[in-house]
Amino acid sequence: MTSFDDELSRRNFVKLLGASMALAGLDGCSRMPGEKILPYVHQPRELTPGIATHYATAMMLDGFATGLVVESHEGRPTKIEGNPDHPASLGAAGIFEQASLLQLYDSNRASAVRSAHAPTGWEAFSEAFSPRALRNHVGGHGAGLALLLEATSSSVIADMIATLKGLYPEAGIHYYSPLARTEASIPQYDIRAANVILAIESDFLAAGPMQLRMSREFSDRRREPSADMNRLYAIESAVTVTGSSADHRFRCRPSMIQPVLAELYSLLGDASVPAQRAAERSYGGITSSALRVIAADLSRHKGQCLVIAGERQPPSVHALVAAINEQLGNTGRTVWRIRSPLLGAGDGSFSIEALAGRLRDGAVDTLICIGGNPSYNTPGPLQFDGAFRKVRNTAYVGLYENETGQNAKWLVPAAHYLETWGDGRAYDGTLSVVQPLVQPLNGGKSAVEILAAVCGVEKSPLALLRESLGRTGLVGETAWTDAVRRGFVVGAAAPRIQGPTIVVPTAAAPEKTDHIDVTFAADSRTHDGSFANNGWLQELPDPVTKLTWDNAAHLSPATAARLLVGSGDTVLVRTPASSIRLPVLIVAGHADDSVTVHFGYGRRGAERLAAGVGTDVFPMWPATGAFVSSASVDRAVDAGQHTFAITQSHWKMDGREQAKSETLRSYNARQATFKPDDHPPPSLFKGEPPPAAVKQWAMTIDLGLCTGCSACVVACQSENNIPVVGKEDVEKSREMQWLRIDRYQDGTEENPEFIAQPMLCQQCERAPCEYVCPVGATDHSPDGLNEMVYNRCVGTRFCSNNCPYKVRRFNWFDYNAEISETEKMAKNPDVTVRERGVMEKCTFCVQRIREKEISAEVAGTPFLGSSVVTACQQACPTRAITFGSLTEPESEVMRQREGPRAYNVLDELGTRPRVRYLSRIRNANPALDTEQ
Amino acid sequence: MPALFPRWTNTAVRTVLISLAVVLPGVPISVMAWQRTPGATGSGYSPDQPVPFNHLLHVTDFRIDCRYCHASAERSSVAGLPPSSACTACHNEVWSNSIALAPVRQSLATNRPVAWNRVNRLPDFVYFNHSIHVAKGVGCETCHGRVDRMSQVVRTAPLTMQWCVDCHANPGPKLRPVDEITVMGRAVGADQVALGDELVRRYKVRRLTNCTTCHR
Amino acid sequence: MRTLPSDAVLTERLLAPLWNVPRFWWLLFGLSSMGTLLLIGAVSYTVARGIGVWGNNIPVAWAFAITNFVWWIGIGHAGTFISAFLLLLNQRWRGSINRIAEAMTIFALVNAAMFPVLHLGRPWFFYWLVPYPSTMNVWPNFKSALPWDVAAVTAYFTVSLLFWYLGLVPDFASARDAAPTRLRRIAYGVFAMGWRGSGYQWSRYRIAYMLLAGLATPLVISVHSIVSLDFSITKLPGWHSTIFPPYFVIGAIYSGLAMVIILLIPLRRAFSLADLITEMHFDRLAKLMLVMGLMLLYSYVMESFMSWYSGDQYERYVYLFSRPRGPYAVAYWIMTIFNVGAPQVFWLRRFRTSTVVLFLVSVAVLIGMWLERFIIIVTSLNRDFLTSSWHVFVPTWVDLSILAGSLALFSTLFLLFVRFVPAMAISEMKVLRHELSVSPTVGQAADA
Amino acid sequence: MRDLDWSRGSYLAEFSTADELSEAVRRFLEMGYTRVETFSPMPVDTIVPRTRSRLPVVVFAAGVAGAILSYAVEWYANAFAYVQNIGGRPAHAVPAFLVPALEGAILFAAVAAFAGFFTSARLPKLWHPVFEIPGFEGATVDRYWIAVDGADARTSTNTTEDELRLLKPLRVVLPGPVT
């Protein structure tokens, strides 16, 4: 780690590196120097060695942008955070955005242009695909040329496509991302304005391009338990983050969603019909009587309520939901529509089905595939992969040599978004600018560069971007600099449009069938498989099931019992398209007679981490791309027991009040008589009170706001150089995340109530871990931190044994030994990389505290507790985490700590944690509360 | 039959016992003593540099301030090394064709940095911050020694934890007014005790010996 | 009255294993050496790769290694108990077994001392637990029980070694003077340090021996008490218990007695020592086992009762649910049956003097005591306060190899001991013989 | 009585039982000999007067020193040289520090007892004049020897040998040239 080897130093990137580029690491105690220091040749004016810089940029997922702020150390991006001003972020960052940092440094990324199997070079590619060369094969009008791009909202790509169309008018242009929306108009929501929300198979708090904003808006109405709190009903088949955060969650078979909505529609439509006289029906969970209560609640809040359908629900469901919102007077108030900024949205000629048809007809001579992974992530019946292989000349531009890349004649490494200029639209239409932070590490090319080469345009991507943005109205140097600095153009949300005419589908009576509904779902961690090679994400426990490194067939306990299977048994899921063997995972709260399967596993590309993880379910996906289908599920008798790496094994609290929740009513009753407890806790030691001259750090976590989305876990992993341990070690309960999210179930197995509890080092004032350490490697700082000194630790693990919260993590192996040189660049230089055999744990981001403390003291300015923001706090979309100092009585953390909802976990042990939790308040509907 | 052991074995055994009594405690004591020598700590280390930069000349004769080259010492955790372009700011005019400066010229021509040999190295788990030490009145000289007398830079401090902690536990004696930070050969007067106390108050210097002061 | 062997015969018989190596010794030594190689291999693998090759996890950060540590150190306790405690109580019958018991103590301690070091994440820094003036200016934390352990184990090992060696000096002199070859005479002569058996030496010897015995007795109590503090100073339900120090000491002596019996029975047979290690010895050892077993039963009952009586939900869960009915319930019930049930056969004299029964019960008790430590350590850790962090521990092949290998190392050392060191205190046997020849009832009178 | 004055030589007699030896010692002391020593393979209770051993005092002192030293190291390390805030507990933690102090006491005392024994017994001494006597090897096996100092006031070249022979020893060894 002392100096970069030659191969790396050839990269432009390294020239940006400054003086203190040695990565933090415990490479022994040798004090004998022998290290090189490389100063700049010309020092960039904006850079001071040792001080991190921050740049705004944006990441695209399924075509939509999320604004980000990226921290960079000496030219090396090390941390991705949300852009506080960007409408799709509001300062938070989701797991994919944050983990995309690791993708930048992934050593498995494609690294050279190749043709057939021989490495060539960019020049060879641009020559072979130049208009001069290509015309001979694809015809003068380009009838034999087809392009497949990922779903995109980029203006510059749109312009380049237009240029291409000018050159090759008959060329086929297609856009495909399996999880992207394809409607011509997309709904927009104002969650903040809704008093009552009904989510129909919608995970709006943790999935989709607007999840961060919607989470924030949702939580803003729940910060203080009051009559103003919103109320969330969720009707869903699989358990989602949104469903488990709901005040009332109802199960429903996926095929029953439409009948349920139809009944709700009629309930709302004709109020004269006395509710109790309607026929009582059950829809595999939710019943007519519950629907009547919901309908009544919605009706009470006309114009101030909202019904959201999952983005992957069929058009008929969306039509019904639009009709219901119309009925409730919500249209134009809590919900409206804009034209989809995605290119080709709503036009079937741009679809992958159209491309597949052209391929089958043999009409395509040359296919250029930019991004995506259609050989893997297209529905099996489409047989895209086979058709793709038959095309004479194919090129794939991607980050990895994945399934598509392996089958393509040409492979061009793609530039990561942190390596390239670009643009895109947020879900609300806001124009966002993608700004590079480093030169392409592998010489990757952006989509714009590829298109420019194909069109024979010899302009830099930056020049092309500025031209395109100029066309959208971003004229002038000031406007440009401002947009780059902010990362987006202020006030550029798309105008509202009239939605399509609502055609309410006729209510079909629920059929009695013996088949099982199969739902195809985006995976919470690998998404559609594009993040499958990301260790942080593979090892991130699923927010609901805590499953890592795997996917499974999710079944309800009752259905599993009926099929005579248990978790780990294998089932054969048969759809008309295909049949696939999957291990079963029983999920409490899942709807009966339905199975949920997840995309993104069973990868067969050259990505080493992703190989062999889980099962590919794309072959089973209907050609229509419908996310719900019917299947038969049978126990596979000849299969052995599958071992899941699940980070939590016990889901009940067993009467231990670990994560507290209460209804708004009981809280109100309790709060009326609440008096803060000002008695000092009992102690055998006189002890001195913590010094008031320095800060006394403390944190509160609001369980009422925490949805369990796990963005904080990835933020912590990235900020604190937490290693990835792999599936076998997770099976052995050796995952390293300093911050985990405990998840408890209360009530029946059929439909339990869920509560998520982020659990991290509680920074106990009377820390049990400290007094058992034989070498004093963990002790207390004057400012109330439970310090962990890795370089002093000998690894007795005594501290972990005595930690009642079990938040300490141990380096069982040298987890950092196997990571590549490039991956080391993702490490935060402000945090020590831990050696094998040492303990580690949450430090309250002490490096951030010290950095702020030192800079305030150097500048001579007052040091405010609120100036320190921990990584988890920063990432949290709902702002459930508050951090600050107890010495500041006015601080938010003090206010929360002393409030009626605050409590210490395991308070009776006398550890005096500095982390307090605020109990979760369920805004339960009294009309339903008695039933539950 | 004579005795099994001849008479001299008594002396031999006694000698062995006395030697053991010396050697057994002696070995660890020697190791502990050795750890404190320059050979073990590395103080006195003075590697040859790619460019024979002469601090004596630049500091003493030309009176160039430390911060001209080590520009971020007051702002950043690292003091910083001058970029190659900083050298040529002057050496375009003087000694512009010196053989000694060839690596600098080459660096500028090839856009690759000059690879200096690090003299003062802390382990990777130690987070030293120049700016706060400068702000609290710890002079360059306190840790780096009389750089103004070094034609080739020498490490003067042992950089052991004990050496750090000695000052952290009792900073007063090592402090100086902030405007004298770069002064070399500053005389420590009899009033240093009083001055130290005064500076501790003025700069709000804390006794920071808790772990996360340096280890994070 | 049986005829007593003469001093010369006694010396010759007791020293015979040193000069004549039976073939089975080589067989056993070969086997145990192979086992020791397995230990070396498993330990090297652990040190090279990391503790991760074991089954330990979070929450079960301690498992086999600490179980082995406590088990071995406990076994060691019987040696000191027999030789020091019984010496102070003037139990003469100890004379034929104390040397073996002491040797067992030392070899058990060699094994025990290995585990805390091996168990460290960074074993190469084990010396950080020892106070010495480092250039880091940092010191061990004496509020932790682990530096206490270091002090206790160091003291215990040193004192046991000195005590053992002091007892051996006159016997080394005997070996020196009876050895068949000059080389062996010189070797034993060096260890005998010039002992000549003068009246003055004997008088000082007896004082020093009694002093060491007097020191070893509180030591043996304190060491396992301190080991128990490793657990009882924590907050963990199942560990945080005031009964631990006596409970651990009892268990320690119990397992040690079992090990002594296991070693004595084959030794007696192999070297035809039935007249020196008599039924009386076994009878008394069995009675001691029974007493210890009953005391252990009391401890078990009190632990569970107190957990219930305390009303603490976490305590109650561990003692009343997790252990008897949790994932390690099988181990728990085997432990209970072996430790408490098995020695109950010793109410009958017939079984107290049957070597087969004695051997089987002792093996059961050793297994039971190992499981007891395993239960205490693992079942407390695997289900502690927060239900979300519960996780089971499953040992790996390395865990099992190290356990098997440590038994082999112990056997190897013990085989070397019987081969090279007088396994019975010859001078004490002579005293006993002399006293019996003067007054045949002295033996019984002394232990009445 | 520590050791005989071997420079003047001693008279030795060899017996086969401890009882004979005890009897011999009793007779010789009665006869007025004061410098009498025995050699035996086991401790034999004789009436040879012995000085009171200082070993218990030494051991006690060493134990106290061990305790004080251990405690002092602990106090210096945790309460003086580098004070850490360990779980909010006092830096000078008396109950905790007592534990290693106890072990230190026992360790020091035991080492003192061991070393004290060898010192007072003047060991190790691989060679001793007595080992020059052929057949003395039996003294650690099955022979019981009495030795009468040549320097004893009662010793006489005329009578001592006869007095020894009267006890019917296996054999008598007369003072020889001292090597």
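## Exercises on two interfaces and a helix

Arg122(C) and Glu835(A) form a salt bridge, with their closest N and O atoms 2.8 Å apart (a side-chain nitrogen of Lys or Arg within 4 Å of a carboxyl oxygen of Asp or Glu). Before we start: this is a predicted model, where local features need pLDDT of at least 70 and side-chain atom pairs count only at pLDDT 80 or more, while totals for chains, interfaces and linings use all residues. Residues are numbered from 1 along each chain as its sequence is written, chains are lettered from A and ligands numbered from 1 in the order in which they are written, and side-chain values use heavy atoms, leaving out hydrogens and water.

**Exercise 1.** Describe the interface of chain C and chain A.

*Step 1.* Begin with the area: the two chains bury about 4700 Å² between them, 54% of it on carbon and sulfur atoms (accessible area, 1.4 Å probe, that two parts lose on being put together, summed over both). In chain C, Ile58(C), Arg122(C) and Leu386(C) lose the most area to chain A, together 17% of what that side buries.

*Step 2.* Next, list the participants: 54 residues of chain C and 58 residues of chain A take part in the contact (heavy atoms within 4.5 Å).

*Step 3.* Finally, look at the charges: there are two salt bridges between chain C and chain A.

**Exercise 2.** Characterise the interface of chain D and chain C.

*Step 1.* About 5200 Å² is buried between chain D and chain C, 71% of it on carbon and sulfur atoms. The contact takes 62 residues from chain D and 58 residues from chain C.

*Step 2.* The salt bridge count for this pair of chains is two. Glu137(D) forms a salt bridge with Arg185(C), where the closest N and O atoms are 3.8 Å apart.

**Exercise 3.** Place helix α12 of chain A in its surroundings.

*Step 1.* Find the helix at residues 352-360 of chain A (helices are DSSP runs of H or I, at least four residues, and strands are runs of E, at least two, numbered from the N terminus). Its buried residues are Ile352(A), Leu355(A), Ala356(A), Gly357(A), Arg358(A) and Leu359(A) (buried means under 20% relative accessible area, 1.4 Å probe, protein chains only).

*Step 2.* Now trace the packing: these buried residues pack against the strands β7 (145-149), β8 (172-175) and β15 (366-370), and against the helices α13 (374-377) and α14 (384-390), of chain A.

*Step 3.* Check the backbone just after α12(A): Gly362(A) takes a positive phi of about 70 degrees.

Note on methods:
Buried < 20%, exposed > 50% of the residue type's maximum accessible area, 1.4 Å probe, protein only. Contact = heavy atoms within 4.5 Å.
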